[in-house]
Amino acid sequence: MKPRVAVLISGGGSNMVKLLESMDGDHPAEPVLVLANSAGAGGLAKARALGVQSDFVDHKRYGKDREAFENALIAKLDAVQADVICLAGFMRVLTPHFIDRYDGRMLNIHPSLLPKYKGLHTHARAIEAGDNEAGCTVHEVTAKLDDGPILAQARVPILETDSPETLAARVLIEEHRIYPQALLQFIHKF
Ligand code: GRF
């Protein structure tokens with residue numbers, strides 16, 4: 001049986017689309033679910049258009065009760081027997097309650113050269129610091145935010161004319177290239 005991959009998103013899901021497209025016929029894994037934390041996530045329709053089941057759990061319904069929100073996610077992931085979780089622009093911080101359950105089988109893409117610039121606004125911070133390069137990182141998810149073992153990285157130069165938006169657009173191209181590659185490598189261990 002091929003390992004079953006679920007992708008968690010919050011927004012447009014361009015990384016999710018690249019992951020789904022990469023898992024074609026002879027890929028060793030299969031996509032089984034795209035799950036968002038709001039009904040308004042633009043990626044849900046893109047997943048359906050690619051023939052993959054999509055669903056959402058509205059985190060707002062759970063207020064501060066993160067565990068209840070995570071249990072609702074877990075119920076949907078269990079229903080499709082997800083083996084591997086890919087976070088792709090999923091913007092809710094997960095607690096150890098969820099992370100421990102998927103220990104060693106959950107990946108994330110982060111738009112910086114970790115361990116630099118964990119958290120948000122990575123491109124603005126790199127430009128402000130006067131760095132001459134930026135990039136992105138695929139890593140395993142652990143309890144510490146943006147801190148797990150690194151599986152892949154890609155670097156791009158920061159141009160004098162760059163704004164956070166122009167830099168983000170150039171980094172996103174690299175994200176789309178390394179995430180499917182890193183997933184393929186990761187799946188081989190299953
Ligand atoms: C990506 O830059 C990702 O690194 C970050 O959020 C952005 C999501 O983009 N966490 P998309 O939803 O995959 O297009």
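## A walk around the ligand and its pocket

Start at the ligand and select S14: an N or O atom in the S14 side chain is 2.6 Å from an oxygen atom of the ligand. Keep in mind as you go that this is a predicted model.

Now select the residues on either side. At G13, a backbone N or O atom lies 3.0 Å from a ligand oxygen. Move to N15 and you find a backbone N or O atom there too, again 3.0 Å from an oxygen atom of the ligand. How much of the ligand does the protein bury? Taken alone, the ligand exposes 360 Å², and the protein buries 77% of that.

Next, bring up the whole shell. Around the ligand you should see G12, G13, S14, N15, G89, I109, P111, L172 and E175. Colour them by character and they split into three nonpolar, five polar and one charged.

Zoom out a little and show the pockets. Which one holds the ligand? The ligand sits in the largest pocket. Select α1 (14-22) and α6 (164-187) while you are here: these are the elements that give two or more residues to the ligand shell.

Stay with the largest pocket, and fill it if your viewer can: about 790 Å³ of space lies inside. There are 33 lining residues, and the closest to the pocket centre are G89, F90, M91, I109 and P111. G89, I109 and P111 should ring a bell, as they are among the residues around the ligand. For the lining, add β5 (106-110) and α5 (122-128) to your selection, since α1, β5, α5 and α6 each supply at least two of its residues. Coloured as before, the lining comes out as 15 nonpolar, 14 polar and four charged residues.

Last stop: the loop between β5 and α5, where P115 has its place. Select L114 together with P115 and look at the peptide bond that joins them, which is cis, with omega near 10°. Then click on Y117, also in the loop between β5 and α5. What is the sign of its phi? Y117 has a positive phi of about 55°, although it is not a glycine. Both are worth a pause because most residues other than glycine have a negative phi, and most peptide bonds are trans.

How values were computed. Residues numbered from 1 in each chain as written. Predicted model: local features only at pLDDT ≥ 70, side-chain atom pairs only at ≥ 80, totals over all residues. Heavy atoms only, no water. Near = heavy atom within 4 Å. Polar contact = N/O pair within 3.5 Å; in protein donor to acceptor, adjacent residues only side chain to side chain. Areas by Shrake-Rupley, 256 points an atom, 1.4 Å probe, with all protein chains shown as cover. 1 Å grid on protein atoms, 1.4 Å probe; cavity = no way out; pocket = protein on both sides within 12 Å on 5 of 7 lines; lining within 4 Å. Sits in = over half its atoms within 2 Å of the grid points. Helix = DSSP H or I, 4+ residues; strand = E, 2+ residues; numbered from the N terminus. Nonpolar A, V, L, I, M, F, W, Y, C, P; charged D, E, K, R; others polar. Points joined across faces, edges and corners; volume = space filled by probe spheres on them.
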